[in-house]
Structures are given as structure tokens and as C-alpha cells.
Amino acid sequence: MQTIDEALEKLSRSSFRAGFHLSRALRAYAEEKGMDTLRTHAREFVHTRLAPAYIPNDGKQTPMRGHPVFIAQHATATCCRGCLEKWYRVKAGKELTPAQEEKIVGLIMAWLEREMQNDKNGQIPPLQRE
Ligand SMILES: [Zn+2]
């Protein structure tokens, strides 16, 4: 399996995936909660919404707004089992292992760290941040 940096590099070449950014409100939420709390949320979301073998609403279980981790999931193609299979060859229809869950959480958190850093450095165009 590829490293987190390789995955982020590949995602940055998809204009659809690279188009996701945290809104002002979600950045404020992320600042307020801190990365440790966001990691706890990411673990919870991945475990309950992505890890089961059978997900009745797969493809629709991750909202497009409302939580920084949801946005990070769309940006990293870890939003549903269909995207996981397409991007990372993780077979759908089979429960994720704890190691797979942690790897996914690691990727989500790496994206969030980078997004927050890029924002501080002024590297995200204002129109994409509102
Ligand atoms: Zn998806």
C-alpha cells in the first residue's frame, strides 16, 4: 500500500478531490477542538460509517458539510467503500481491519493538518475557502 504522502500527491492531481477545502466555520471548529479531538471523531466516523462489511447507504454516508472530517474524507477519497475500492483497492463487502481503519484515519488527519497549515500560509485561494 502507498504511503500517506504518495496518496496525498495522487489526490492533488484530481481536480475533483483537490477542490475540497474547509470553510471558514469548519476551520474555526477545527481550531477550537484541536487535532486530538478531531482524530477521535475521525476514528468514530471511520469505524461506524466505513468499516462495516455491509453499508446500506454506501456512497451517501458522508455529508458534504457539517464536520471537518467529512470534508477531509471527500478530499481523500475515503468517503465510502466505493471510493476506497477505486482509489486504494480496498475490497468492498468486507469489514475493514483495525490496521486499515488506522491507516485511513492517518490519511484524513494528514489532509486536515495540511489544509490548516496551507490556510495559515495563505495558500488556499479565498474563493475556495468561504
Ligand atoms: Zn465516496
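Helices here are DSSP runs of H or I at least four residues long, numbered from the N terminus. With that in hand, remember that you're looking at a predicted model, and start in the loop between α6 (81-88) and α7 (98-120): select lysine 94, which sits there. Lysine 94 has 12 C-beta neighbours inside 10 Å, so it counts as exposed. Now add tyrosine 54 to the selection. The two are 40 residues apart in sequence, yet their C-alpha atoms are 7.4 Å apart in space.

Zoom out to the whole chain. You should see seven helices and zero strands. The radius of gyration is 14 Å, close to the 14 Å the globule rule gives for 130 residues, so the protein is as compact as a globular protein of that length. Along the principal axes, the C-alpha atoms fill a box of roughly 40 × 30 × 25 Å. Of contacts between residues at least 6 apart in sequence, 71% link residues at least 24 apart.

Next, go inside: 27% of the 130 residues count as buried. Select Ala42, Val69, Ala72, Ile108 and Leu112, the residues with the most contacts inside the largest nonpolar core, a set of 22. Colour α3 (24-33), α4 (35-50), α5 (68-75) and α7, since each supplies at least two residues of this core. Which helix gives the most to it? That's α7, with seven residues.

Stay on α7 and centre on isoleucine 108. Leaving out residues up to four places away in sequence, isoleucine 108 touches Ala42, Val69, Ala72, Gln73, Thr76 and Thr78. Last stop: a second, separate core of five residues, among them Ala77, Cys79, Cys80 and Leu84.

Key:
Residues are numbered from 1 along each chain as its sequence is written. This is a predicted model: local features need pLDDT of at least 70, side-chain atom pairs count only at pLDDT 80 or more; totals for chains, interfaces and linings use all residues. The radius of gyration is taken over C-alpha atoms; the globule rule is 2.2 Å times the number of residues to the power 0.38. A residue is buried if 20 or more other C-beta atoms lie within 10 Å of its own, exposed if 12 or fewer, and partly exposed in between; C-beta atoms are placed from the backbone. Two residues are in contact if their C-beta atoms, placed from the backbone, lie within 7 Å. A nonpolar core is a set of buried Ala, Val, Leu, Ile, Met, Phe, Trp, Tyr and Cys residues joined through C-beta atoms within 7 Å.
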